[in-house]
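Please look over the sequence and the fold together before reading on. The paragraphs that follow lead through the structure from one feature to the next.

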Amino acid sequence: MSRVAKVKSQVHGTAQLTCSAKSGQTRLTQLYQHEPLRVLFPEVAKEEPLTATILTTSGGLVGGDYLDIDVSVEAGASVLVTTQAAEKVYRSVGRDCCLDIRLDVDNDCWLEWLPQETILFDGARMRRLTRISLKPYARLLAGDILVFGRTARGEKLTHGLIRDVWEVRRAERLLWADALHFDGDLQKILTAPAGFNGCIAYATLIYAADNAQEQLEFARSLLTAQNNLYSAATSVGGLLVVRWLAHDALQLRQAYGAFWSAFRQQVAGLPPALP
């Protein structure tokens, strides 16, 4: 699929970073950033991979805004990329905001892509494309959370556009493509018994590695049953894919975080903790 179609935008933020390892230590080798995107590198425990934190200085996205994020992990590097805060997508009077995310992981490298949740205001129009390119022995743990409306203030997502696309390739071969597409009367879709059945938070997690399928039973063992929270894990195309739906965004965030912490320890030997 071609890159998200660019339109004349309010802002065009860019964050491009490349990391590689030398003498067993991962270092930043290239960085380009353009407002409103900034990349920070906080100090972390020595057991943790190099951590990059992306922030949006504009405080949120409006119709016509465009964010372009490109992360490359090379030469045996280990990197975790997160965000400083939840991303807010405000109501639009007609134009879409676009997020174009590309993650490239080289042989014998590890990347965690762990942004905080994206909160969609009523009337928001968002198109997001996340493209992942993996070399044969690359490993990746990636995911995101969508929150439909500001429920703490009683807001529901009644109209707008949500298009959230994932594409995963290994050695240029497409392994998995998935698109969530809501348009028009969003409340009808979100409340449909055969749809989201009133859920207001939705999350995806992808694990890509040679042993991804072998981790399926462990992943399922972490998905504890809870009221108003639904989750499932499957293996497809050599990937492990986990999904959550919940009637409460905080409940989903907590379950998602607990899963991520335990799973990263299992598959990568990292501390069972979030950034």
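Helices and strands are here DSSP runs, a helix having at least four residues and a strand at least two, and they are numbered from the N terminus. With those names in hand, Ile 200 can be placed in the loop between helix H1 (186-191) and strand E15 (201-208). The model is a predicted one, and local features are described where pLDDT is at least 70. Ile 200 counts as buried because its relative accessible area is 15%, and buried means under 20%. The C-alpha atom of Ile 200 is separated by 32 Å from that of Val 105, a residue 95 positions away along the chain.

A contrasting pair of positions is found with Leu 61, which sits in the loop between E4 and E5. Leu 61 and Val 89 are 28 residues apart in sequence, yet their C-alpha atoms are 4.8 Å apart in space. Leu 61 has a relative accessibility of 1%, and therefore counts as buried.

Where is the space in this model that a probe can enter? Rolling a probe the size of a water molecule over the atoms shows where empty space is left. The largest pocket holds about 270 Å³ of space. Its lining is made by 22 residues, of which Thr 56, Thr 83, Ala 85, Ala 86 and Glu 87 are the closest to the centre of the pocket. Strand E4 (50-56), strand E5 (66-74), strand E7 (87-89) and strand E8 (97-105) are the elements that each give two or more residues to this lining, and E4 gives the most, with three residues. By chemical character, the lining of the largest pocket divides into eleven nonpolar, seven polar and four charged residues.

Charged side chains can next be followed through their pairings, for a search of the whole structure finds 14 salt bridges. One of these joins the side chains of Glu 48 and Arg 264, with an N to O distance of 2.8 Å. This pair links distant parts of the chain, since Glu 48 belongs to the loop between strand E3 (37-40) and E4 while Arg 264 belongs to helix H3 (residues 249-268), and the two are 216 residues apart. Both Glu 48 and Arg 264 are buried. The pair is also part of a wider arrangement, in which Glu 48, Glu 112 and Arg 264 are linked in a network of salt bridges.

Strand E11 takes part in further pairings. Arg 127 forms a salt bridge with Asp 96, and their closest N and O atoms are 2.7 Å apart. Here too distant parts of the chain are linked, with Arg 127 in strand E11 (residues 125-134) and Asp 96, 31 residues away, in the loop between E7 and E8. The two partners are not covered alike: Arg 127 counts as partly exposed because its relative accessibility is 29%, whereas Asp 96, with a relative accessible area of 17%, is therefore buried. Asp 100 and Arg 131 form another salt bridge, in which the closest N and O atoms are 3.4 Å apart. That bridge links Asp 100 in strand E8 with Arg 131 in strand E11, again 31 residues apart, and both Asp 100 and Arg 131 are buried.

The surface of the model has a nonpolar patch of about 210 Å², made by Leu 28, Leu 31 and Phe 41. Leu 28 lies in strand E2 (residues 25-34), and its relative accessibility is 35%, so Leu 28 counts as partly exposed.

Some details of the backbone remain to be pointed out. A cis peptide bond, with omega of about 15 degrees, joins Glu 35 and Pro 36, and Pro 36 is found in the loop between E2 and E3. Which residues other than glycine have a positive phi? One is Asp 108, with phi near 60 degrees, placed in the loop between E8 and strand E9 (110-114). Asp 108 has a relative accessible area of 59% and is therefore exposed. Another is Ala 171, with phi near 50 degrees, which lies in the loop between strand E13 (159-170) and strand E14 (173-185).

Methods. Residues numbered from 1 in each chain as written. Predicted model: local features only at pLDDT ≥ 70, side-chain atom pairs only at ≥ 80, totals over all residues. Heavy atoms only, no water. 1 Å grid on protein atoms, 1.4 Å probe; cavity = no way out; pocket = protein on both sides within 12 Å on 5 of 7 lines; lining within 4 Å. Points joined across faces, edges and corners; volume = space filled by probe spheres on them. Nonpolar A, V, L, I, M, F, W, Y, C, P; charged D, E, K, R; others polar. Patch = residues over 30% accessible without salt bridge, like charges linked within 9 Å, V, L, I, M, F, W, Y side chains within 5 Å. Areas by Shrake-Rupley, 256 points an atom, 1.4 Å probe, with all protein chains shown as cover. Salt bridge = Lys/Arg side-chain N within 4 Å of Asp/Glu carboxyl O. Buried < 20%, exposed > 50% of the residue type's maximum accessible area, 1.4 Å probe, protein only.
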